[in-house]
Amino acid sequence: MGPRGLTVLERIVANERVRKSANIEIFIFDPHPPGVGCHDPEQEEYLLVNTVAGQITQFSDSSVVGAGPILEGPSFYQWLEEQRSSKLSGRWSGQAISPDKYYSRALFGRYLYWVYHYLAALAPSHVQINLVQESILDADRLAEDSWVISTKSGSFCVNYLFLTTGHTKPAGKSAAAFNTSSQSTQVIDDPYPIRSTTAPITADMTVAIEGMGLTMFDVLGALTTGRGGRFVQDDEGRMRYLPSGQEPRLVAYSRSGLPLTARAVNQKGVSIQYKARFLVADKVRAMRAGRKLDFVTDIFPLLLADMQFAYYEAYLRERRDPVTSMLFCNQFLCADVAEREALIRQYVPEADRFSWDQLVNPITDDALATPEDFHEWLMEHLRQDLREAYKGNVQGPLKAACDVVRDLRDNLRAAIDHGGLTEASHRWLLAEFNPIMNRIAVGPPSSRIAELLALVEAGVLDVSYGPGAACKQMKAGERMRVVSKHWPDKSTAIDVLIKARISMHSPADDSSPLLRSLLKAGYLRLFHNGGFHPGGIEVTREFNWVTTSGQPIDNAWALGIPTEGVKFYTFVVPRSGVNSTAIVDAGRAVTKMISMITGHAPAPQDEAIDTAVPTTEYASAFASLYGALS
């Protein structure tokens with residue numbers, strides 16, 4: 001019952017407030033506080049949500065198509081504003097709240113907890129909600145198509161079942177138990193929860209972080225500011241780090257040798273998105289109608305054209321004037337590939353042109369001459385990335401282009417979902433394109449890059465191992481070493497290796513007894529595109545489970561991360577004003593369920609909803625008794 005479960009509950013409540021389908025009893029299973037998922041309200045404040053507050057919601061709006069009735073509710077930003085002005089908000093009452101700020105995951109967890117109680121309070125009297133704070137161990141389908149749900153303490157019979165389990169852990173992967181007497185390296189396969197996994201690390205240890213994505217920044221936070229260190233700005237406005245003395249020695253490395261790039265200052269408000277001129281969803285669907293697609297030849301050229309359009313529109317507006325920018329864009333839209341390249345040469349100096357290859361691999365040959373050369377190059381690369389981020393995601397040409405990838409994810413889904421790509425192309429997408437997309441389009445707030453620079457300058461962190469570095473066991477019984485691929489003499493013995501990656505394992509490898517039992521019983525089967533298993537279980541376009549025999553189960557649905565494979569990039573929260581995929585998906589599944597309910601037990605069309613349907617004002621006040629800021 002994290003964010004995806006909330007979308008299902010929100011859609012049920014929204015529908016039942018408008019028209020009663022039947023007397024409905026809902027059982028919600030989650031051992032954790034309802035609504036929060038992996039956003040524990042008790043986690044540390046330095047762990048940030050990766051989206052600005054104004055762009056996060058759990059509620060539908062007028063932009064959502066085909067998902068059922070609209071249900072009013074505050075976005076994360078609006079909730080923060082309401083809480084700030086409330087007498088319940090305590091220390092938050094005097095703080096300015098910004099829709100363009102990145103707030104903590106703990107605070108977002110408080111919002112999600114509030115949303116659950118808000119929805120529970122909004123439910124009409126014929127909808128009963130039961131929270132069971134346990135994990136489901138097994139589910140078995142009976143002859144009359146109902147399900148028996150088993151937990152440690154009992155069983156429950158239900159007619160319809162939604163699987164929204166979100167991030168789970170692979171079987172057998174956990175933080176290593178520290179052995180302080182051992183000379184070998186301790187390996188932490190999963191760094192979460194950060195507080196407990198990093199607690200045994202001491203200041204005299206050397207810690208390697210494998211992976212330089214979002215998880216790395218969480219680990220860095222735990223081992224720096226989480227140890228009492230402080231970031232301050234000097235007289236020139238540059239970020240500086242003041243160590244506490246409790247930090248271990250830190251090294252970080254990855255396949256690319258680069259951290260994710262900074263998210264730009266948000267200039268798009270809540271719901272503005274780049275609108276495709278080339279990678280148009282209807283065009284993609286038409287291409288898919290007759291064959292499977294190749295991402296490199298069919299989709300990428302269209303995506304690249306849209307990135308170029310956004311880049312040059314912003315560049316010419318910045319360097320020339322709005323009229324020149326408009327003239328170029330009008331010509332660009334009507335040109336073929338060769339004509340577009342000629343236009344670029346006509347309007348833009350070579351040094352300033354957009355380059356996908358430069359985004360993919362910005363490291364120059366000169367930068368790889370020595371470790372010192374790479375260090376200097378990387379520091380300037382990060383400073384330049386910050387300068388680009390401060391220009392914004394509309395006015396800054398480079399970040400405007402990179403933001404196109406994020407804004408057009410639904411258009412990419414039109415090509416990728418439900419095995420839309422050839423098997424070979426699907427493999428390439430996940431292995432090659434996804435890491436680049438993550439690096440250029442879904443990086444951390446710019447403050448994180450400024451902090452990374454400050455940690456390096458303070459001598460706390462070393463990130464100058466270059467691309468292709470690896471952690472190796474050199475001799476039996478000795479500590480592992482981080483070794484540079486380009487300069488073998490640059491290596492460091494480490495006491496702890498933290499694998500800083502979110503596991504996207506197959507359900508077949510999951511630690512969940514429920515998933516394992518459903519797969520064993522044949523109620524679920526793994527999704528395959530040809531001979532390739534990209535992850536996740538197979539579902540229909542209506543999100544019904546598909547059995548081992550290939551038959552859909554019409555009264556069971558899965559949404560979100562369990563379907564990552566047949567669906568593309570499911571680990572996102574809803575956003576206001578953009579026809580959010582998460583809400584649309586939940587709406588389609590819930591609409592199907594309601595049609596089955598009314599088909600099996602028809603309710604009179606004129607049956608009135610209880611006139612005492614709770615108001616949003618009442619629900620907000622009720623929820624704030626549980627989720628208010630303190």
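Two strands count as paired if DSSP finds at least two bridges between them. Helices (H or I, at least four residues) and strands (E, at least two) are DSSP runs, numbered from the N terminus. With that in hand, here are some notes to help you find your way around.

1. **What you are looking at.** This is a predicted model, in which local features need pLDDT of at least 70, side-chain atom pairs count only at pLDDT 80 or more, and totals for chains, interfaces and linings use all residues. Residues are numbered from 1 along each chain as its sequence is written, and side-chain values use heavy atoms, with hydrogens and water left out.

2. **Confidence.** The average pLDDT, the predictor's confidence in each residue from 0 to 100, is 93 for the protein, and 94% of the residues score at least 70. Residues 601-606 have a pLDDT below 50, and this stretch has four contacts (heavy atoms within 4.5 Å) in the model beyond near neighbours in sequence. Where pLDDT is low, the predicted coordinates should not be read in detail.

3. **Strand β16 and its partners.** Strand β7 (residues 186-188) runs parallel to β16 (residues 496-499), joined by three bridges. Strand β8 (residues 206-210) also pairs with β16 in the parallel sense, over four bridges. Have a look at V496 in β16: Q186 stands opposite V496, and so does V207.

4. **A cis peptide bond.** After β7, in the loop that leads to α4 (194-198), you will find P193. The peptide bond from Y192 to P193 is cis, with omega near 0°.

5. **Two positive phi values.** Most residues other than glycine have a negative phi, and most peptide bonds are trans. D145, in the loop between β3 (138-141) and β4 (147-150), has a positive phi near 75°. N579, in the loop between β18 (552-558) and α17 (581-600), has a positive phi near 55°. Both residues are partly exposed (from 20% to 50% relative accessible area, with buried under 20% and exposed over 50%; 1.4 Å probe, protein chains only): D145 is at 38% and N579 at 27%.

6. **G468 and D403.** Is G468 buried or exposed? G468 is partly exposed, because its relative accessible area is 32%. This glycine sits in the loop between β12 (461-462) and β13 (470-472), and touches S254, R255 and K485, leaving aside residues up to four places away in sequence. D403, in helix α12 (residues 397-407), is buried at 7% relative accessible area. With the sequence neighbours up to four places away left out, D403 touches K268 and N393.
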